[in-house]
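This text leads through a single protein chain, strand by strand. Keep the model in view while reading.

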Amino acid sequence: MRLCSALPAAALLAATAALPMSASAETLTAQEAQRFVIGQTFSYTCYEGTVGAGRILPDGSVAGTIQIRGKGNTRYVTLPAGTIMVRGESVCAKLKGVAFQPCFELEKTDKVSFRGNLAGADRLWCEFKRGGSGRTRLAERAVAPKPAPTPAKLAEDSAAAQMTAEVASEK
């Protein structure tokens, strides 16, 4: 699966990850969902087997992991600021390459979980639970920039590249 296909799926999943759960399902308003979700990490499982973890940042950007249909590689995905937004009483997503802005219905199922589905499509759902462990907690860490190479490291890399080129030309 191409990464560009995974991005809309991750946004949809992250958008629905904005809520908690209670003993009886309780519909959350967009503002309640926003207060509960922003900055928190949620692990999720979707109806067709997709799993992962992620979080929505205050600027509406998304960071997290996704494993499509629970098979193959788990990917770390980020989406830019403004991807997840509140429009009136709805939580919606703005996705590059998607002709419409999908909105989501969110139900709190308990104090740490919620269920989200594409508005008007009850069978397209994901269940979210606050927290995660191991690799799924990657979404909580900021991506640290790589340190600039030192002059010694640059010289070492240059020498290694030159040796490789010399060996290759001798063959």
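Threonine 27 has glutamate 107 of strand β8 as its bridge partner. This pair belongs to the contact between strand β1 (residues 26-27) and strand β8 (residues 103-110), an antiparallel arrangement joined by two bridges. The model is a predicted one, and the pairings described here are read from its coordinates.

Glutamate 107 also has a partner in β9, namely arginine 115. Strands β8 and β9 run antiparallel and are joined by six bridges. The two strands form a hairpin, with two residues between them. Strand β8 has a further pairing, with strand β7 (residues 90-93), again antiparallel and over two bridges. In that pairing, cysteine 92 stands opposite cysteine 103 of β8.

From β8 the path leads through β9 to β10. Strand β9 (residues 113-118) pairs with β10 in the antiparallel sense, over five bridges. Glycine 116 has cysteine 126 in β10 as its bridge partner. The hairpin of β9 and β10 has six residues between its strands, and glycine 120 takes a positive phi near 80° in this hairpin.

Which strand pairs with strand β10 (residues 125-130) over five bridges in the antiparallel sense, besides the one just described? The partner is strand β2 (residues 42-46). Within this pairing, cysteine 46 has cysteine 126 of β10 as its bridge partner. Cysteine 126 is thus named twice, as the partner of glycine 116 and as the partner of cysteine 46. Taken in order, the pairings run from β1 to β8, from β8 to β9, from β9 to β10 and from β10 to β2.

Next comes strand β3. Valine 51 is found in this strand, which spans residues 51-56. Is valine 51 buried, partly exposed or exposed? Its relative accessibility is 27%, so valine 51 counts as partly exposed; the partly exposed class lies between the limits of 20% and 50%. Leaving aside residues up to four places away in sequence, valine 51 touches Tyr44, Thr45, Thr65, Ile66, Gln67 and Gly70. For glycine 70, the C-alpha to C-alpha distance from valine 51 is 5.8 Å, while the two residues are 19 apart in sequence.

Arginine 55 lies in strand β3 as well. Its C-alpha is 7.1 Å from that of isoleucine 38, a residue 17 positions away in sequence. The side chain of arginine 55 reaches the backbone oxygen of glycine 39 at 3.4 Å.

The whole chain can now be set out. The protein chain holds three helices and 10 strands. Along the sequence these elements follow the pattern α-β-α-β-β-β-β-β-β-β-β-β-α. How much of the chain is made up of buried residues? Of the 171 residues in the protein chain, 34% are buried. Among contacts between residues at least 6 apart in sequence, 48% join residues at least 24 apart. The accessible surface of the chain comes to about 10,200 Å², and 56% of this surface belongs to carbon and sulfur atoms.

Conventions:
Residues numbered from 1 in each chain as written. Predicted model: local features only at pLDDT ≥ 70, side-chain atom pairs only at ≥ 80, totals over all residues. Heavy atoms only, no water. Helix = DSSP H or I, 4+ residues; strand = E, 2+ residues; numbered from the N terminus. Buried < 20%, exposed > 50% of the residue type's maximum accessible area, 1.4 Å probe, protein only. Contact = heavy atoms within 4.5 Å. Areas by Shrake-Rupley, 256 points an atom, 1.4 Å probe, with all protein chains shown as cover. Pairing = 2+ DSSP bridges. Polar contact = N/O pair within 3.5 Å; in protein donor to acceptor, adjacent residues only side chain to side chain.
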